[in-house]
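Some labels in a structure rest on a cut-off. Here is a set of questions about how such labels are reached.

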Amino acid sequence: MAYLNDNYLKLKAGYLFPEIGRRVKAFCDGNAVAAQRLIRCGIGDVTEPLPAAVTAALHKAVAEMGVRATFKGYGPEQGYEWLRAAIAQHDFRDKGLDVADDEIFVSDGSKCDCGNILDILGHKNKLAISDPVYPVYVDTNVMAGHTGEANEAGAYGKIVYLPCRPSNGFIPEPPKKHVDVIYLCSPNNPTGAAATREQLQAWVKYALEHKAVILFDAAYEAYISEPDIPHSIYEIPGARECAIEFRSFSKNGGFTGTRCALTVVPKSLNAQTKSGELKPLHSLWLRRTTTKFNGVSYIIQRAAEALYSDDGKAQVRGLIEHYMGNAKVLRTGARKAGLKVFGGINAPYIWVRTPKGVTSWQAFDKVLNDANVVITPGSGFGSKGEGYFRISAFNSRANAEEVSRRLQELKW
Ligand SMILES: *Cc1c(COP(=O)(O)O)cnc(C)c1O
């Protein structure tokens with residue numbers, strides 16, 4: 001008899017979104033009329049179509065694939081050079097950041113990369129993870145056997161949880177104790193908070209002192225509206241020696257269904273072998289990528305490249321302005337409804353305090369039943385998310401305005 005990976009059995013039953021799906025289905029099955037009014041502000045998925053520059057590039061690339069002379073088979077596993085160069089130039093070097101083309105690895109998603117990165121890290125690392133958090137960071141470590149069992153509150157043994165609260169602006173401060181690997185997500189899903197330069201400087205300082213690696217998830221970088229908020233961890237001196245950055249075209253270019261992302265692994269980033277020798281992680285990630293991945297499709301890489309054209313950039317701006325316009329409408333609506341509101345300034349998520357004595361799931365049920373709006377209960381993102389819920393700004397403007405109205409009519 002073959003053995004399975006027992007670590008999977010430690011995962012808390014009922015990943016957040018299936019449970020939301022079950023409750024929404026039960027509600028819709030019992031209320032055909034209310035189901036017609038349902039507005040989904042739950043899952044973090046874009047709603048607006050791909051930019052015209054992207055669809056034009058897709059059509060062109062498809063045509064190339066249909067002609068012998070321009071047909072492409074396997075491409076470089078780590079991405080075509082023209083895309084890596086465009087990314088390094090536009091996202092980093094044009095902004096004064098020192099990132100080389102061959103430090104960019106093109107992939108099929110940041111979610112995948114956040115999980116896959118564990119392949120090149122050892123099993124004895126002490127992990128620091130924010131609470132609340134994007135569940136992928138925790139669950140992939142559970143699967144890899146890096147944690148103990150979950151307790152009643154859903155917290156796993158061996159993880160150092162970093163509480164995010166109003167008092168720290170929902171950005172955790174470095175722990176007093178030693179950790180080796182740190183997950184940071186800014187702008188943040190689910191809280192909508194964005195780390196200031198000082199907060200990131202404190203983390204880079206800590207990582208350099210502790211020879212730790214920061215895994216920096218910048219999936220929402222394009223949503224930053226305040227001028228002083230860093231867009232990349234590499235804006236902080238020393239980060240090239242301690243940080244990997246994940247970026248994605250999902251939330252800026254609307255690529256959630258198209259699939260393309262990138263990871264930056266600086267060649268100056270080292271980690272230690274069992275015997276304490278320093279080695280660059282870049283060569284391990286290159287090896288991992290070329291061994292386990294066969295690259296993103298040529299067609300999709302051409303589509304991603306189009307996001308960096310003048311038209312593409314303007315169209316991405318338009319998408320961000322659309323969603324952030326929604327965020328403003330939702331923030332204002334929730335505040336007028338008497339709720340305490342965070343986020344929604346540098347990220348497309350509004351993080352709302354539930355009224356006194358109301359749990360996250362009670363708020364979810366209330367908003368579903370009385371306002372016919374799907375939100376996400378904060379407790380699904382970690383124990384410190386209890387007492388909050390997340391409203392996503394990924395929607396049409398009409399829906400955002402309607403949700404704002406319904407929140408104000410809600411009697412708690
Ligand atoms: C949406 C999202 C991503 C992007 O994931 P993809 O796999 O690239 O679609 C990454 N991190 C966070 C926190 C996200 O919310």
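The questions below concern a predicted model, its ligand and some of its salt bridges.

Q: Why is K292 with D119 called a salt bridge?
A: A salt bridge needs a side-chain nitrogen of Lys or Arg within 4 Å of a carboxyl oxygen of Asp or Glu. The closest N and O atoms of K292 and D119 are 2.8 Å apart, so the pair qualifies.

Q: What does the pair of K292 and D119 tie together?
A: K292 lies in helix α8 and D119 in the loop between α5 and β3, so the pair ties together parts that are 173 residues apart in sequence.

Q: Why does K292 count as exposed?
A: Exposed means over 50% relative accessible area. K292 has 55% relative accessibility, so K292 counts as exposed.

Q: What makes D119 partly exposed?
A: Buried means under 20% and exposed over 50%, with partly exposed in between. The relative accessible area of D119 is 42%, so D119 is partly exposed.

Q: Why is K279 with E277 called a salt bridge?
A: The N to O distance is 3.5 Å, and the cut-off is within 4 Å. The pair therefore counts as a salt bridge.

Q: How do you know that Y220 makes a polar contact with the ligand?
A: A polar contact is a pair of N or O atoms within 3.5 Å. An oxygen atom of the ligand is 2.6 Å from an N or O atom in the side chain of Y220, so this pair is a polar contact. The protein covers 94% of the 390 Å² of accessible area that the ligand has on its own.

Definitions and conventions. Residues numbered from 1 in each chain as written. Predicted model: local features only at pLDDT ≥ 70, side-chain atom pairs only at ≥ 80, totals over all residues. Heavy atoms only, no water. Polar contact = N/O pair within 3.5 Å; in protein donor to acceptor, adjacent residues only side chain to side chain. Areas by Shrake-Rupley, 256 points an atom, 1.4 Å probe, with all protein chains shown as cover. Helix = DSSP H or I, 4+ residues; strand = E, 2+ residues; numbered from the N terminus. Buried < 20%, exposed > 50% of the residue type's maximum accessible area, 1.4 Å probe, protein only.
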